Amino acid sequence: MLRLSTLKATLFTISRKNKLKVLKIINLLLFVTFFALISSSASIYFERKIDEIEKKNIISEFNNLIFSNQIERTSSNIKFTERILDKYYETDSFLHILYTMSSSDLNFYNEREKYYDMYFLLRDRAITNNSEMQRSLGDAMMISDKVEDIEKIEKYNDIYIKLDQKLSEIFAEKNLHEANNSPPEDASKNEYNRMFLGFERFNKKLIDLLIEQSDFFLSFNTKFFNDKKNEAQIEITKSLERIQFLSKKETQFILFAFLIQVIIFVTVQIFELTFEYQSRNKKK
């Protein structure tokens with residue numbers, strides 16, 4: 001009991017002697033604590049906003065890879081299709097010249113070279129284009145973010161379905177033609193030529209289909225993915241500007257909070273000093 005009374009008396013004595021010093025320390029600790037809380041809260045708020053923007057930028061960057069890839073693939077598909085068409089027309093013109101120069105005794109070309117071999121070149125390109133159109137529609141659906149995008153994709157998906165049906169019909173007609181007109185192994189060359197001659201019809205249909213596929217790439221892929229890429233670039237630029245703005249505001253807010261805390265701290269110290277001075281004068 002005696003020890004407790006002694007401790008209380010000691011603390012009371014020390015507190016009275018060092019009252020002003022203790023108050024200053026308490027005020028300083030309060031200043032540091034409040035400033036830390038305000039700074040932390042401000043940092044958390046602004047960093048959260050910046051993180052949200054950066055997440056959107058990551059998605060935009062990922063989409064940008066899709067845009068660039070599709071634009072590059074579309075350009076290649078159009079070029080390859082044009083080359084195939086050019087080769088078809090050149091070969092057709094060249095073989096036509098050979099045909100006019102040919103006679104019953106001297107034949108510079110045959111129907112197999114003109115129609116049958118060309119069919120497979122046209123067919124392979126049409127199949128590749130068909131797969132590329134399907135892929136582009138899937139990529140477009142994955143990155144679409146507006147109702148207008150969905151409506152446009154649905155519109156061109158209907159076009160794709162029609163072109164796909166045309167390709168399937170050509171295959172079906174070709175298989176039926178071979179089934180009905182394939183000559184036996186010991187057949188004459190003329191019989192085989194008549195069968196090969198039927199491929200002229202399929203080649204013309206494939207040519208028309210390749211032209212329609214190229215139109216699809218130009219009207220949908222080129223425009224859609226270029227527009228989306230431009231939109232993404234604009235959005236990324238705005239996001240970066242927004243991040244810079246928020247970072248600047250965060251710094252300004254913390255500095256402003258610091259100045260307010262300093263003003264409050266100095267004001268409190270002035271009042272305490274004034275109060276202490278008045279108390280001492282009264283005691284005197």
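Which helix does Asp 139 lie in? Asp 139 sits in helix α3, residues 111-143. I will come back to that residue after the overview.

First, the ground rules. This is a predicted model, where local features need pLDDT of at least 70, side-chain atom pairs count only at pLDDT 80 or more, and totals for chains, interfaces and linings use all residues. Residues are numbered from 1 along each chain as its sequence is written, and side-chain values use heavy atoms, with hydrogens and water left out.

The overall make-up. The protein has six helices and zero strands, so the order from the N terminus is α-α-α-α-α-α. Helices here are DSSP runs of H or I with at least four residues, strands are runs of E with at least two, and both are numbered from the N terminus. Of the 284 residues, 31% count as buried. Buried means under 20% relative accessible area, exposed means over 50%, and partly exposed is in between, using a 1.4 Å probe and protein chains only. The protein exposes about 19200 Å², and carbon and sulfur atoms supply 60% of that. Those areas come from the Shrake-Rupley method with a 1.4 Å probe; for residues, only the protein chains shown count as cover.

Now confidence. pLDDT is the predictor's confidence in each residue, from 0 to 100. The mean for the protein is 76, and 64% of its residues reach 70 or more. Among the elements, helix α4, residues 147-181, has the highest mean at 92, and helix α1, residues 2-17, the lowest at 47. Over residues 6-17 the pLDDT is below 50, and beyond near neighbours in sequence this stretch has zero contacts in the model. A contact means heavy atoms within 4.5 Å. Where pLDDT is low, the predicted coordinates should not be read in detail.

On contacts in general: among those between residues at least 6 apart in sequence, 87% join residues at least 24 apart. Two residues of helix α6 serve as examples. Leu 206 lies in α6 and is buried, at 0% relative accessible area. Leaving aside residues up to four places away in sequence, Leu 206 touches Tyr 119, Leu 122, Arg 123, Ala 126, Leu 167 and Ile 170. Leu 206 and Arg 123 are 83 residues apart in sequence, yet their C-alpha atoms are 6.8 Å apart. Ile 207 is also placed in α6 and counts as buried at 5%. With the sequence neighbours up to four places away again left out, Ile 207 touches Leu 85, Tyr 88, Tyr 89 and Leu 122.

Next, the aromatics. The whole structure has 14 aromatic pairs. Rings of Phe, Tyr and Trp (its six-membered ring) pair if their centres lie within 6.5 Å; planes under 30 degrees apart are stacked, over 60 edge-to-face, and the rest tilted. Phe 220 and Phe 224 are a stacked pair, 5.2 Å centre to centre with 20° between the planes. They are four residues apart in helix α6, residues 199-283, which means about one helical turn separates them. Phe 220 is buried at 0%, and Phe 224 counts as buried at 3%. Phe 224 also pairs with Phe 225: the centres are 5.3 Å apart and the planes at 85°, so this pair is edge-to-face. Elsewhere, Tyr 116, Tyr 119, Phe 120, Phe 196, Phe 199 and Phe 202 form one aromatic cluster.

Then charges. There are eleven salt bridges, each a side-chain nitrogen of Lys or Arg within 4 Å of a carboxyl oxygen of Asp or Glu. Glu 132 pairs with Arg 73, the closest N and O atoms being 2.5 Å apart. Glu 132 is in α3 and Arg 73 in helix α2, residues 19-101, so the bridge ties together parts 59 residues apart in sequence. Glu 132 counts as buried at 10%, while Arg 73 is partly exposed at 25%. Glu 231 pairs with Lys 146 at 3.3 Å between the closest N and O atoms. That pair links α6 to the loop between α3 and α4, 85 residues apart. Asp 145, Lys 146, Asp 149, Lys 228 and Glu 231 are joined into one network by salt bridges that share partners.

Back to Asp 139. What is the nearest side chain of opposite charge to Asp 139? It is Arg 135, 4.1 Å away; Asp 139 is buried yet has no salt bridge. For charge, Lys and Arg count as positive and Asp and Glu as negative, with His and the chain ends not counted. Beyond residues up to four places away in sequence, Asp 139 touches Ile 66, Gln 70 and Phe 225.
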